[in-house]
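Me: I'd like to go through this one and ask how the labels are earned. Can you set each value against its cut-off?

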Amino acid sequence: MNEVTKIDGIGSSVRRTEDKKFLTGKGRYTDDINKPGQVQAYFLRSDVAHAEIKSIDTKAAQSAPGVVGVFTGSDIAADKIGGPICGWVVPCRDGSSTKEPPHPLLAQGKVRFVGDAVAVVVAETMEQAKSAAELIDVDYNELTPVVDFVNADKGAQIHEEVPNNCYFDWELGDESATNKAIESAAKVVKLSVRNNRLVPNAMEPRSALAEYDSLDESYTLHTTSQNPHLTRLVLAAFMFAIPESKLRVIAPDVGGGFGSKIYVYIEEAVCVWASKKIGRPVKWTADRTQAFLTDCHGRDHVNDVQLALDDNNKIIGLRVDTVCNLGAYLSAFSVVVPTILHGTLLSGQYDIPAIYTNVKGMATNTVNVDAYRGAGRPEATYLLERTMETAAKEVGMDPAEFRRINFIPKDAFPYQTQVALQYDIGDYEPHLDKAMEMIDYSNFEKRRAEAAKRGMYRGIGMSSYIEACGLAPSAVVGALGGRVGQWESASVRVNPTGTISVFTGSHSHGQGHATTFAQIVADKLGIPMENVEVIHGDTDKTPFGMGSYGSRSLASGGSAISKAVDKIINKSKKIAAHLLEASEDDIDFKDGKFVVGGTDKEKAFGEIALAAYVPHNYPLETLEPGLEENAFYDPTNFVFPSGTHIAEVEIDPATGVVEVVDWAACDDFGNLVNPMIVEGQVHGGIAQGIGQALLEDAHYDENGQLLTASYMDYCMPRADDLPSFKVGYTNTPCTHNDLGVKGCGEAGAIASPPALINAVIDALSPLGVTDMSMPATPQKVWKAIQESQSVAAE
Amino acid sequence: MGEISLKLNGKLETKDVADNTLLIDFIREHVGLTGTHVGCDTSQCGACVIHLDGVSVKACTMLAKQAEGSEIVTIEGLADGDELHPMQQAFHENHGLQCGFCTPGMVMSAVEMVTKNKNISEDEIRKGLEGNICRCTGYHNIVQSVKAGAAKMGG
């Protein structure tokens, strides 16, 4: 299917149709939009991590220049506006459910993290709003902050509703079988790892612009969202108790998301509320400091792993005990990330007969933690692939061979794991082999020796990952505690001249849907791609859809489009049969033409479109005019991309700097619609994974102050931190969607951190270093080198 | 308040603005050209890079007043009508952008870098882009784009 049959069909690296506007400065992001009479909102945020609010005095601010309104939690409470909700909960081991404390839009009596919104000032200009906010006097009774999530159960209680600061204590798998495997094992490999806390850092800071139309009592919200329909649903049904039809949500061009723009944030809701209260459009745009303080963070786990092996180094059991930090309030998908999207991935690419995992989700006085590129799957892959590498070294096997003997064999699919998922298809040795070839694995020791001559430590490390994405079969989601459906929608409108408008419920914020989706339609209908326009991001235009996250856009959204196009083709055949005076069964559709089989009688797609809208010669008694079809696609399973990434590094012992000198990624994403775009997704994912492994760390001090709240303190990967990447593919097409596609958006971020840390440890292994935590900063690496040398000297 | 006049993409713009108005706000808010972006508040991300008298500068880091009388080119002024600048074209051909938010700053930095050094190496490109952060692309295709752009610009 990936053979290029047409210049712009499926499998072709078509250049993106959306590029030109971005390259010429004509992108239209939320902050670029202004409305007549617009005012600016500024949020006064708590500068302490945990405190009771004794009083708030806003008098001076109310009368400051330019101020049109100052509001606090009591104003929100008076109007009975609800807060953000949790979209997915899980059962606890003791039979209770996840504890769900309320999350008020503006603080009600208590603040729970530095950045928690206490008041909002609305003024003519942002500068006036900021100046007025400084005049608000908040009297706090400070409480002991809870920052160390591992010991959060012993800290001061943050929410009345959450005893021991534990939101949930969840388990999956067979504990007794797993413990038996560990007890009877020839060898048990034990490892404790920390998955460092990250800040997603989409380059466009969050922004919202809300306006209220008093004539028809409706709101319009422009916002930085990955899923405008979900935003509308949550705001209308759960916060404002208004019909969805009274709220239009538009997510125009959105400058990256990586998970952080999935949820409804309090600022969006407050702007909507204030727009009616004040009677003028209200705009808010975060500066980067606010983004660091208030965007949901990602990761932040500690995992204790026990891997049981038999005499032949085959895995017979895996136990993982995890504690994770979910922050001050439960964000929309915060619960599912460390549980369902983490625990179910613990089998990786391996045939493991017994698995058990327990996850405790803790409340702390830090900002909420939720999905960040990969969302649970990077954490699962990190602990597993670090353990696989450690086990290989402990039993004296080459890490590739150790993985190979434990891979699920290719004839074992569909493969039922011990942690709920059933992998439909996969073949793992080919991507391992190809990645090894791409990086010239067999000659690595020569390169290590050459580097050693230069006084450098060279190392190689790999990671063979699997992910479950393409969220998701709704029934499964429901059974696992999800409160939403996970289908995707599409509406395909054929216009009278034969051009096509595709309305999708998914959302593009960098992924190139306008191109990829148009390729699918063009390919299936045999028409030029420029005749296809893709529309997304506006609840008044597009059908209700679930948006983009969890690498679902192509597998779910693309499948919905494909299904809608099939309906168009079916109806078109009926029209063609009428026009050609033939039986519908005799009509073949090929290359954009409807042909009566075995004859030269044909109608072009454009002629059918015209006939549908000018139905002068048309079977009106049996067929409606017009040519427009909707489809809702609910997948029957997750899709399971897999692959192997191999990193090669060089470490300078004088500085501790880790240089990534080579990278080979070989992924199985099933069929590729646009290989160029897929490759770009892989590059970006790897870069974020390298960032996690070497550079990035969100750090709160013991008082709950975020010390890394700017680009001066939080180390983002820059061009000169990264190498060029070698990217390759294998292909086992997905068995349960028509396109045979999987997802590619998160794979790089999932695969790369363990590959890189394994390489760092491998480089330092001649010194006796066996562990390294993320991020492997120069200071940490240098220290490890110094300590190993001092041990050697003793 | 005070009047500031400068040439923006070849057009004289005169606005009465507060003395502490940043150049980026002059461009975005007062003139209404929103192609230049603001991605941080510490002069780190480079989304706001423009050309001031031919030199790439971060428009968030200088006052509009300091640009009085200067000639400024923003991303909107780079193309020749409908014809993209060779660097813009190179970014398109090499998939050098995803969400597009950092792109204006990236392209403006790249153009200046290549104008100064037509035979720019990959290493020099990576070092030269140190002041522009992209979260989407992993820089691989941006580096390829700048290389291709340099070739188109006569490198």
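Me: What makes up the secondary structure of chain A?
Reply: In this predicted model, chain A comes to 20 helices and 28 strands. A DSSP helix run needs at least four residues to count, a strand at least two.

Me: Why is chain A called as compact as a globular protein of that length?
Reply: The globule rule is 2.2 Å times the number of residues to the power 0.38. For 794 residues that rule gives 28 Å, and the radius of gyration of chain A is 28 Å, close to it, so the label holds. As for extent, the C-alpha trace of chain A spans about 95 × 75 × 55 Å along its principal axes.

Me: How many of the residues of chain A count as buried, and what makes a residue buried?
Reply: The test is 20 or more other C-beta atoms within 10 Å of the residue's own. Of the 794 residues of chain A, 59% count as buried.

Me: What share of the contacts in chain A join residues at least 24 apart?
Reply: Taking contacts between residues at least 6 apart in sequence, 80% join residues at least 24 apart.

Me: Which strands form the open sheet of seven in chain A?
Reply: The order is β3-β5-β1-β12-β9-β10-β11 in chain A, and the pairing is mixed.

Me: Why do β3 and β11 of chain A stand at the edges?
Reply: β3 (67-72) and β11 (247-250) of chain A each have a single partner strand, so one side of each is left without a neighbour in the sheet. Ignoring direction, neighbouring strands of this sheet are turned by 20° against each other on average.

Me: How do you know that β3(A) pairs with β5 of chain A?
Reply: Pairing takes at least two bridges, and five bridges join β3(A) to β5 (residues 117-123) of chain A, so the pair qualifies; the two run antiparallel. One of the bridge partners is A:V121 in β5(A), which goes with A:V70.

Me: Which strands does helix α6 of chain A touch?
Reply: Helix α6 (residues 228-240) of chain A packs on the sheet, touching β10 (218-223) and β11 of chain A, and its direction makes about 145° with that of β11(A). Helix α7 (residues 266-278) of chain A also packs on the sheet. Its direction makes about 30° with that of β9(A).

Me: How many residues does each chain give to the contact?
Reply: Chain A gives 42 residues and chain B gives 44. On the chain A side, α18(A) gives the most, with seven residues. By class, that side has 17 nonpolar, 14 polar and eleven charged residues.

Me: What confidence does the predictor give the complex?
Reply: An ipTM of 0.98 and a pTM of 0.97.

Conventions. Residues are numbered from 1 along each chain as its sequence is written. Chains are lettered from A and ligands numbered from 1 in the order in which they are written. This is a predicted model: local features need pLDDT of at least 70, side-chain atom pairs count only at pLDDT 80 or more; totals for chains, interfaces and linings use all residues. Two residues are in contact if their C-beta atoms, placed from the backbone, lie within 7 Å. Ala, Val, Leu, Ile, Met, Phe, Trp, Tyr, Cys and Pro count as nonpolar, Asp, Glu, Lys and Arg as charged, and the others, Gly among them, as polar. A residue is buried if 20 or more other C-beta atoms lie within 10 Å of its own, exposed if 12 or fewer, and partly exposed in between; C-beta atoms are placed from the backbone. Axes are lines fitted to C-alpha atoms, for helices over the stretch in contact, and angles run from 0 to 180 degrees between N-to-C directions.
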